[in-house]
Amino acid sequence: MLLAAVILIVAVALVFDFINGFHDAANSIATVVSTRVLSPNLAVAWAAFFNFIAAFGGGVQVANTMGKGIIDFEMLRAAGSQAVLLVIFSALMGAIAWNLLTWWWGLPSSSSHALAGGMIGATLPVLGMAGLMGTGIAKIAAFIVLSPLIGMVLGTALMVVSTWTVHKQTPLKVDTWFRRLQLVSSGIFSYSHGTNDAQKVMGIIAVVLFGTIWKDRPFHIDWWMIISCHAAISLGTFFGGWRIVKTMGHSLTKLAPIGGFAAETGGGVTIIALAKLGIPVSTTHTITGAITGVGSTKGWRAVKWGTAGRIIWAWVFTIPASALMAVLVYGLSRLVVMAVG
């Protein structure tokens with residue numbers, strides 16, 4: 001019975017990873033589609049490929065943070081296998097519910113923060129505030145603000161440098177060069193997306209396994225967790241989240257290939273660097289900041305701040321909303337367990 005429950009929740013975690021890729025596909029492809037460098041179908045295949053190959057060089061620092069940096073893993077493990085399974089199931093379902101709602105509304109919210117919020121909400125009924133790791137949560141909360149700002153600064157800087165470098169060239173030549181370079185920059189961003197986002201679910205799967213059927217083993221990330229999570233997120237990216245592409249690629253600002261290159265490179269470098277430091281950040285927040293920075297180089301009015309405002313509100317509400325949903329799922333799941341058992 002325990003093994004069946006563990007397999008079910010690992011499967012739910014991989015479904016979350018798939019939905020993460022589906023939901024965040026727009027982050028990886030919006031700029032390259034909006035600049036018409038690639039068709040939508042080729043863009044998702046390109047992004048999915050780089051999502052997957054990140055498995056072979058992305059590391060597991062973020063996975064360790066997600067597994068032991070939000071919830072006190074030893075405290076949760078001591079609460080028993082049923083507690084572990086209920087907490088992780090509720091966290092995943094709360095995050096999935098919020099992701100699907102924001103996908104339906106066409107808002108690029110953060111899958112990372114939805115999962116973090118779900119873990120916080122599901123832990124509170126079981127362990128209370130003592131079961132939460134304040135330092136890890138504070139780090140994640142801080143980078144809700146910092147990651148888009150870093151992306152904005154890098155995107156702006158790259159746009160200024162790129163524009164200055166080619167200012168004597170004809171528009172046609174510049175467009176031709178940066179259409180080719182944008183293939184590289186979109187690959188960098190998709191690689192960073194796989195590096196950052198796939199690792200989060202690895203941490204969740206490790207909590208489930210080492211908190212239940214492998215209690216006698218030390219917490220670590222196995223190779224099969226890495227491959228399966230990257231495969232799941234790649235498939236999700238391939239099937240795409242087209243509602244959000246319009247918001248990211250067209251509604252926020254108008255991009256040319258040179259701008260797409262600057263935004264993707266700035267966002268991708270930011271995410272890879274933070275992932276190496278073990279900081280789970282939002283690819284959505286980071287690329288939105290980078291796109292906004294690129295757009296602002298054309299003047300304040302080049303950015304549609306009303307759309308940016310809607311996106312920011314989604315950021316603000318993501319952690320508390322997914323936490324609340326996880327609490328509700330936990331309550332319902334607990335009632336079902338009590339009725340069955």
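What follows is a walk through a predicted model of one protein chain, from its overall make-up to a few local spots.

The big picture is easy to take in: the protein chain has 13 helices and 0 strands. Read from the N terminus, the elements simply go α-α-α-α-α-α-α-α-α-α-α-α-α. Of the 341 residues in the protein chain, 57% are buried. Contacts often reach across the sequence, too. Among contacts in the protein chain with a separation of 6 or more, 87% involve residues 24 or more positions apart. As for the outside, the protein chain exposes about 13700 Å², and 74% of that comes from carbon and sulfur atoms.

Next comes the interior. In soluble globular proteins, nonpolar side chains tend to be buried together. In this model, the largest nonpolar core has 56 residues, and the members that touch the most others are I70, I88, L92, L115, M119, I205 and I221. Helix α8, covering residues 171–210, puts in the most, with 10 residues. A separate core of 19 residues lies apart from it, with V166, F189, L274 and A290 among its members. Back in the largest core, M119 gives a feel for the packing. Setting aside neighbours within four places in sequence, M119 is in contact with M66, I70, I71, A91 and I204.

C229 is another handy place to look. This residue sits in helix α9, which spans residues 223–239. C229 has a relative accessible area of 0%, so it counts as buried, the cut-off being under 20%. Beyond the neighbours within four places in sequence, its contacts are L14, D17, A198, V201, M202 and I205. One of these, D17, shows how far apart in sequence such partners can be: C229 and D17 are separated by 212 residues along the chain, yet their C-alpha atoms are 6.6 Å apart in space. Another, I205, turned up above as one of the core residues touching the most other members.

Aromatic rings offer a further set of landmarks, with 9 aromatic pairs counted in total. One of them joins F49 and F50 in an edge-to-face arrangement, with 5.1 Å from centre to centre and 80° between the planes. The two partners differ in how much they are covered. F49 has a relative accessible area of 47% and is partly exposed, whereas F50, at 17%, is buried. The pair of F210 and W214 is tilted instead, with the centres 5.5 Å apart and 50° between the planes. Here both F210 and W214 are buried. These two also belong to a wider group, as ring pairs link F73, F210, W214 and F219 into a cluster.

Finally, there is a nonpolar spot on the surface. V145, L146, L149, I150, L154 and V269 make up a nonpolar surface patch of about 450 Å². Helix α7, running over residues 134–165, supplies the largest share of the patch, with 5 residues. V269 comes from elsewhere in the chain, lying in helix α11 (residues 257–276). V269 has a relative accessibility of 43% and so counts as partly exposed, since that class runs between 20% and 50%.

Definitions and conventions:
Residues are numbered from 1 along each chain as its sequence is written. This is a predicted model: local features need pLDDT of at least 70, side-chain atom pairs count only at pLDDT 80 or more; totals for chains, interfaces and linings use all residues. Side-chain values use heavy atoms; hydrogens and water are left out. Helices (H or I, at least four residues) and strands (E, at least two) are DSSP runs, numbered from the N terminus. Buried means under 20% relative accessible area, exposed over 50%, partly exposed in between (1.4 Å probe, protein chains only). Contact means heavy atoms within 4.5 Å. A nonpolar core is a set of buried Ala, Val, Leu, Ile, Met, Phe, Trp, Tyr and Cys residues joined through side-chain atoms within 4.5 Å. Patches are made of residues with over 30% relative accessible area and no salt bridge: like charges are joined within 9 Å, nonpolar side chains (Val, Leu, Ile, Met, Phe, Trp, Tyr) within 5 Å. Accessible areas come from the Shrake-Rupley method with a 1.4 Å probe; for residues, only the protein chains shown count as cover. A salt bridge is a side-chain nitrogen of Lys or Arg within 4 Å of a carboxyl oxygen of Asp or Glu. Rings of Phe, Tyr and Trp (its six-membered ring) pair if their centres lie within 6.5 Å; planes under 30 degrees apart count as stacked, over 60 as edge-to-face and the rest as tilted.
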